[in-house]
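Thanks, everyone, for making the time this morning. I would like to walk through one chain with you, going from single residues to packed helices and then to the chain as a whole.

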Amino acid sequence: MKNFKKVTAIGMAAALCAASLAGCGGSTETADGETAYKIGVLQYADHPSLDNCLTGFEQGLEEEGIVYEITAQSAKGDDATNTQIAQQFVSQGMDLLCGIATPSAQACYNAAYEAGIPVIFNAVSDPVAAKLAESETQAMDGITGVSDMLPVEEQLKLIREMLPDAKKIGIIYTTSEANSVSTIESYKEKVGEYGFELVEKGITNASEIPQAADLLVNEVDCITNMTDNTVVANLPVLLEKANAKNIPVFGSEEEQVGNGCIASAGIDYIELGKKAGVMAARVLRGEDISTIPYETMTESKITINTDAAEAIGVTIPQSITDRAEVKNAPSES
């Protein structure tokens with residue numbers, strides 16, 4: 001069964017246009033008598049990891065045979081826009097909301113709870129810290145979803161195997177992103193086990209990334225990236241600074257590797273989105289969302305960019321290439 005309709009609107013202008021539709025409300029019936037559900041998807045920023053979540057979410061709905069109309073909007077990393085779009089989705093009477101990334105999941109939940117609209121979160125690294133879950137097994141009332149808790153230990157193993165002499169790992173992160181703060185704590189707990197020292201640079205907005213990167217590349221042997229939305233959306237800035245100093249940058253998933261990081265031990269964000277889509281289908285069919293525990297995706301895969309590694313003089317050991325997927329940037333024609 002194919003989906004009924006998808007309306008994709010990106011950005012502030014689209015959000016303002018959507019306001020005129022407020023109150024049109026709820027699911028509709030197709031010509032052949034099927035229910036077509038209205039779903040609002042709020043994506044915090046525009047970058048490939050989150051784009052893949054949306055792609056997977058749609059695939060999950062379609063594999064479950066759900067007929068749907070999606071309105072997908074991006075907050076473009078702006079918190080005020082993020083809140084406004086979530087509120088507009090509620091006023092439009094959506095049947096379900098999906099928040100992609102922690103800030104958008106929080107905005108959707110805050111806007112939708114009193115209206116009784118169920119929310120599915122996607123790409124939330126630490127649902128408990130984000131106050132989207134009561135515990136590691138129980139989400140809050142009215143919301144569930146899929147966590148992208150990063151496989152920090154697998155990443156550290158990969159870095160140590162690839163860079164046996166490295167001593168200091170750098171990370172840039174946004175201090176206001178709960179997922180980033182939580183992941184930083186995981187790195188602090190684990191780096192010593194692999195003989196590393198962690199050097200962190202906290203930022204409050206994208207304009208601070210160039211200075212943070214300039215400082216970091218003079219203090220560390222390599223940099224590891226997280227799923228920090230501000231940093232990922234500005235990855236070219238970090239890569240330019242690091243590559244100029246031949247400092248390897250490790251991504252947190254395959255799209256970052258394809259965009260110039262040398263390797264990652266990360267999760268598949270399309271699969272993450274699919275799991276969220278299947279959850280959404282269960283809720284739309286009438287299953288009580290409070291009985292659906294949130295899931296944490298733990299499977300990781302190794303991805304390498306051999307071109308990026310060669311460009312900065314890093315040799316990837318055969319032991320890694322034998323079990324990795326190669327994702328180099330597409331060649332220009």
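Let me begin with Ser49, which is found in helix H2, the helix spanning residues 48–63, and let me say at once that what you have in front of you is a predicted model. Is Ser49 buried or exposed? Its relative accessible area is 3%, and because the cut-off for burial is under 20%, Ser49 counts as buried. If we set aside residues up to four places away in sequence, Ser49 touches Val232, Glu253, Glu255, Gln256 and Tyr269.

A second residue to look at is Lys168, which lies in strand S8, residues 168–174. With a relative accessibility of 32%, Lys168 is classed as partly exposed, whereas Ser49, as I said, is buried. Leaving out neighbours within four places in sequence, the contacts of Lys168 are with Glu197, Val199, Glu219, Val220, Asp221 and Cys222. For the last of these, Cys222, the C-alpha to C-alpha distance from Lys168 is 6.8 Å, although the two residues are 54 residues apart in sequence.

The third residue is Thr315, and its place is in the loop between helix H12, 306–311, and helix H13, 318–321. Thr315 has a relative accessibility of 67% and therefore counts as exposed. Its C-alpha atom is 7.8 Å from that of Met162, with the two positions 153 residues apart along the chain.

Met162 brings us to helix H5, which covers residues 152–162 and packs with helix H6, residues 178–190. Two packed helices are described by the angle between their axes and the distance between the axes. For H5 and H6 the angle is about 55° and the axes are 10 Å apart, which makes H5 oblique to H6. The crossing of H5 past H6 is right-handed. On the H5 side the contact involves Val152, Glu153, Gln155 and Leu156, and these meet Thr183, Ser186, Tyr187 and Lys190 in H6; the residues of this contact divide into three nonpolar, three polar and two charged.

How do the axes of helix H7, residues 209–216, and helix H9, residues 235–244, cross? They come within 9 Å of each other at an angle of roughly 25°, and H7 and H9 are therefore roughly parallel to each other. This crossing of H7 and H9 is also right-handed. Ile209, Pro210, Ala213 and Asp214 make the contact from H7, while Val237, Leu238 and Lys241 make it from H9, and here the division is five nonpolar, no polar and two charged.

Turning to the strands, I would point to S12, residues 263–266, where Ala263 and Ala265 point one way, Ser264 and Gly266 point the other way, and all of them are buried. S12 pairs with strand S14, residues 301–304, in the antiparallel sense and over four bridges; within that pair, Gly266 stands opposite Lys301 of S14.

Finally, let me step back to the whole chain, which contains 13 helices and 15 strands. Of its 333 residues, 55% are buried. If we consider contacts between residues at least 6 apart in sequence, 72% of them join residues at least 24 apart, and the pair Lys168 and Cys222, 54 residues apart in sequence, is one that we have already seen in contact.

Key
Residues numbered from 1 in each chain as written. Predicted model: local features only at pLDDT ≥ 70, side-chain atom pairs only at ≥ 80, totals over all residues. Heavy atoms only, no water. Axes fitted to C-alpha atoms, helices over the stretch in contact; angles between N-to-C directions. Helix = DSSP H or I, 4+ residues; strand = E, 2+ residues; numbered from the N terminus. Parallel < 35°, antiparallel > 145°, perpendicular 65-115°, else oblique. Left-handed = near helix turned anticlockwise from the far one by under 90°. Contact = heavy atoms within 4.5 Å. Nonpolar A, V, L, I, M, F, W, Y, C, P; charged D, E, K, R; others polar. Buried < 20%, exposed > 50% of the residue type's maximum accessible area, 1.4 Å probe, protein only. Pairing = 2+ DSSP bridges.
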